[in-house]
Amino acid sequence: MPEKGDSQSWIFHRSNFVLQWRLHVLAAFVFLGMVIIGSIDGGTIRSIVESRRSTKQYLTKKTHTQHPFTNLTQQQEILRNFSAITKNGTTSTPLAQESNDKKPLTQNPLMNLTRQQETLQNFSTVTKNGTTDTYTRVPPSSNMVLNNNENVSFAQNYSDGVLENLVSGRNGSDGSVKWLSTELEPNLTENLLSRWLAPGGEPCRESRTVEIVIPGLDGKDLIELTAGDSHEFRFQALDESKNLVCSGGDYFETDLSGEAWKSRPLVRDFGNGSYSILLQVHPDFAGDYNLTLILLYRHFLGLKFSPWRFVFDKQLRKFRIKFVKGGTRLPKIGTCEKSDFNRDLWLGSGSLGMLESNGWVYSSHCSFRLFSADSAWNCLKNRWVFFWGDSNHVDTIRNTLNFVLDLPQISSVPRRFDLNFSNPKDASQTVRITSIFNGHWNETMNYEGFNSLMDEGFRSLLKKYFSEDTVPDTIIMNSGLHDGVHWRNLRAYSEGAGFAASFWKEVMDSVRQRGLAVPRIFYRTTIATGGYAKSLAFNPNKMEAFNWVALDKFRRAGLVSGVIDNFDMTFPWHFDNRCNDGVHYGRPLAKMKWRDGEIGHQYFVDFMLAHVLLNALCSR
């Protein structure tokens with residue numbers, strides 16, 4: 001039997017061992033905590049603090065925009081109460097509601113197809129920066145802007161699903177239609193980051209959208225609207241229990257298609273679970289249409305590093321709409337090179353046979369010119385055009401050389417080249433084209449995007465072209481597809497875009513300091529990825545956000561002369577792979593099985609992008 005003293009000694013040693021073990025564990029936790037805290041950079045902390053501060057300020061200033069409803073039954077009761085409100089002393093019509101003269105927050109200008117004959121004049125499809133910050137498209141996240149100065153709420157602007165006083169309709173000085181227009185939101189990047197990082201807290205902010213309700217459209221077999229006028233319908237996001245969702249960030253795909261018109265209607269996000277969709281069709285194209293709404297991603301989930309885990313991609317509605325001609329007068333034809341970006345008429349002048357489109361004509365929202373070889377060479381002679389972007393530039397350059405400049409023998413161009421091309425009919429007319437791929441600093445690799453500028457050798461290569469006695473007169477730049485794979489989150493991408501803007505500002509300043517003419521810079525937004533690619537790292541939700549963050553950074557640096565919105569112009573054809581391989585719209589035709597299993601594909605979309613690009617280049 002052990003002695004008592006021995007027992008006490010054993011207990012003492014055991015307790016000492018336990019105490020030491022606990023101290024080691026505590027020290028390990030303290031060390032781990034210090035590592036975690038040290039790994040959080042100041043930018044992250046500032047972003048979180050600013051997002052909370054912005055959210056508190058927004059809730060303080062804009063409590064009237066939050067939904068007073070807690071469930072669908074209450075919502076429907078309120079909507080019924082508002083179904084008979086009046087405007088200007090007259091009872092509002094339930095569907096064909098025209099908007100008054102309040103400027104819209106955002107725009108997604110319509111893209112059209114038409115069989116009309118060539119009738120219009122020669123105008124550019126780009127906007128000038130001028131003295132204002134007006135651009136041709138809408139900011140990110142489902143084509144919307146949250147404008148904290150806009151006094152709107154779900155109830156007070158509602159009339160049987162039609163929103164009042166938010167969109168310019170028949171408001172020209174002569175009574176003619178004014179087409180939807182937009183301005184780039186001030187502080188776009190900061191506002192987007194704040195919304196993306198905004199905390200949840202309330203159950204309705206944590207819930208996710210699975211359905212919507214559109215009281216002004218739901219339950220109707222055929223909706224009749226006046227062509228030419230703008231129509232805005234409010235709709236509300238609901239969760240799986242049919243309760244209201246009170247946070248924004250859902251990414252809706254929209255399509256309005258008729259016999260001769262195909263467009264992407266604008267969706268606006270009010271940040272509190274309510275959205276609106278704007279419809280406008282030119283009176284020349286009155287007729288029967290299908291309106292389709294698809295929820296692709298919910299609450300900014302398309303911006304994730306691995307978005308394929310979160311894709312929703314559910315068709316929520318499909319409506320039959322009949323646009324009828326009214327008394328609307330058409331706007332006068334005019335150039336798109338205006339700060340207010342009027343969308344004029346729908347078809348460019350020139351031979352329609354220049355477009356491979358099976359009888360369809362791809363058209364932009366402004367009138368523009370379809371170039372013949374002679375007119376294109378007259379514009380480009382003795383010019384130096386510098387391209388900096390992804391492989392979609394490669395396709396457009398090749399298609400321009402083959403089908404516009406009458407150089408079909410050039411079957412391909414590399415990712416990186418600097419060459420002079422001559423008019424086959426007049427050797428005195430030459431154009432210098434330089435193209436530098438920015439998907440990676442190594443032209444044989446991919447998935448760096450703006451991060452390619454981290455390589456000193458790549459920066460030196462770019463600077464070399466702007467250190468000669470002559471410099472390019474125009475720069476066409478874009479980025480996005482490779483960035484979608486590289487950058488882990490939106491904040492990291494915004495920093496990369498900011499570095500790219502500062503680099504190009506330094507290059508342009510060096511040109512200016514040497515007394516040379518500074519090149520005009522057109523930012524060409526990246527395309528809307530199609531078909532299978534809608535769920536990948538470069539999905540449309542992420543690409544649209546990246547486009548507008550990049551544009552915001554370059555605009556602030558004073559670099560942007562104009563915008564060519566490839567994203568919006570390719571969006572109507574991104575739902576499948578008939579006109580794209582997922583990430584390109586201009587791949588050469590081949591008699592072989594395409595992405596969708598059919599033989600061959602259509603690439604007229606990139607042909608039209610080539611003509612749009614020429615309009616920009618020749619607008620000076």
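**Exercise 1. Helix packing**

In which hand, left or right, does H8 pass H10? Work it out on this predicted model, then describe the contact.

*Solution.*
Step 1. Start with the hand. The crossing of H8 and H10 is right-handed.
Step 2. Add the geometry. Two packed helices are described by the angle between their axes and the distance between the axes. For H8 (residues 456–464) and H10, the axes come within 11 Å. They cross at roughly 40°.
Step 3. List the residues. H8 supplies Arg-459, Leu-462 and Lys-463. H10 supplies Phe-499, Phe-503, Trp-504, Glu-506 and Val-507.
Step 4. Sort them by class. Five residues are nonpolar, three are charged and no residue is polar.

**Exercise 2. The cores**

Find which residues touch the most other members of the largest nonpolar core, and which helix gives the largest share.

*Solution.*
Step 1. The largest nonpolar core holds 63 residues. Phe-386, Trp-388, Phe-450, Leu-462, Phe-466, Trp-504 and Phe-554 touch the most other members.
Step 2. Helix H10 (residues 490–513) gives the largest share, 11 residues.
Step 3. Look beyond this core. A second, separate core has 31 residues, among them Leu-380, Leu-401, Val-404 and Val-413.
Step 4. Zoom in on Phe-466. Leaving out residues up to four places away in sequence, Phe-466 touches Phe-386, Val-471, Pro-472, Ile-475, Trp-504, Val-507, Met-508, Val-511, Arg-514 and Pro-519.

**Exercise 3. Two residues**

Decide whether Trp-487 is buried or exposed. Do likewise for Thr-292.

*Solution.*
Step 1. Place Trp-487. Its loop runs between helix H9 (481–486) and H10.
Step 2. Apply the cut-off. Trp-487 has 12% relative accessibility, so this residue counts as buried, the limit being under 20%.
Step 3. Check its surroundings. Beyond four places in sequence, Trp-487 contacts Phe-305, Glu-448, Phe-450, Asn-451, Ala-492, Tyr-493 and Gly-496. Phe-305 is 182 residues apart from Trp-487 along the chain, yet their C-alpha atoms are separated by 7.5 Å.
Step 4. Turn to Thr-292, in strand S13 (residues 287–297). Its relative accessible area is 10%, so Thr-292 is buried too.
Step 5. List its contacts. Outside four places in sequence, Thr-292 meets Glu-253, Thr-254, Asp-255, Gln-315, Arg-317 and Lys-318.

**Exercise 4. The whole chain**

State what share of the residues is buried and what share of the contacts is long in sequence.

*Solution.*
Step 1. Buried residues are 57% of the 620 in the protein chain.
Step 2. Take contacts between residues at least 6 apart in sequence. Of these, 78% join residues at least 24 apart.
Step 3. Add the elements: 13 helices and 21 strands.

How values were computed. Residues numbered from 1 in each chain as written. Predicted model: local features only at pLDDT ≥ 70, side-chain atom pairs only at ≥ 80, totals over all residues. Heavy atoms only, no water. Helix = DSSP H or I, 4+ residues; strand = E, 2+ residues; numbered from the N terminus. Buried < 20%, exposed > 50% of the residue type's maximum accessible area, 1.4 Å probe, protein only. Contact = heavy atoms within 4.5 Å. Core = buried A, V, L, I, M, F, W, Y, C linked by side-chain atoms within 4.5 Å. Axes fitted to C-alpha atoms, helices over the stretch in contact; angles between N-to-C directions. Left-handed = near helix turned anticlockwise from the far one by under 90°. Nonpolar A, V, L, I, M, F, W, Y, C, P; charged D, E, K, R; others polar.
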